[in-house]
Amino acid sequence: MGMRADDLRAMIVAAFPEAVVEITDLAGDNDHYAAHVVSESFRGMTRVAQHKAVYAALGGRMGGELHALQLTTAVPS
């Protein structure tokens, strides 16, 4: 089944409209992605809180349509 990279990006941008989002399909199977998300919204948040915010934006699709996500987050410099 899987999820398209564009759909994944759209879900993250919907939650963080000003974010710069880079998505990489790690296995070419629409199931294993790397996402790098840079957002001002993350300022003052711990790394764990940043990751939880991104996972929340995915609306429970982790483990279902989306099997694995290698996530990195940052605040704009």
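### Salt bridges, strands and a one-sided helix

R9 counts as partly exposed, with a relative accessibility of 28% (buried means under 20% relative accessible area, exposed over 50%, and partly exposed in between, using a 1.4 Å probe and protein chains only). Before we go further, a word on the model: it is predicted, so local features need pLDDT of at least 70 and side-chain atom pairs count only at pLDDT 80 or more, while totals for chains, interfaces and linings use all residues. Residues are numbered from 1 along each chain as its sequence is written, and side-chain values use heavy atoms, with hydrogens and water left out.

Let's stay with R9 for a moment. It forms a salt bridge with D6, the closest N and O atoms being 3.4 Å apart (a salt bridge is a side-chain nitrogen of Lys or Arg within 4 Å of a carboxyl oxygen of Asp or Glu). Both D6 and R9 sit in helix α1, three residues apart, about one turn of the helix. D6 also meets R4 in a salt bridge, at 3.6 Å from N to O, and R4, D6 and R9 are thus linked in a network. Like R9, which is partly exposed, D6 is partly exposed at 45%, and R4 is partly exposed at 47%. A search of the whole structure finds three salt bridges; one of them joins R43 and E40 at 2.4 Å, N to O.

Now turn to the buried residues of α1 (residues 5–15), which are L8, M11 and I12; helices here are DSSP runs of H or I with at least four residues, strands are runs of E with at least two, and both are numbered from the N terminus. L8, M11 and I12 cover an arc of only 95° around the axis, which puts them on the same side of α1; the arc is that of the directions from the helix axis to the C-beta atoms. What covers them includes β1, β2, α2 and β3, where contact means heavy atoms within 4.5 Å.

Those strands come next. Strand β1 (residues 20–25) runs antiparallel to β2, joined by six bridges; strands pair if DSSP finds at least two bridges between them. D25 has Y33 in β2 as its bridge partner. Strand β2 (residues 32–38) pairs with β3 in the parallel sense over seven bridges, and T73 in β3 is the bridge partner of V37. Along β3 (residues 68–74) the side chains alternate: L69, L71 and T73 point to one face and are buried, while A68, Q70, T72 and A74 point to the other and are not.
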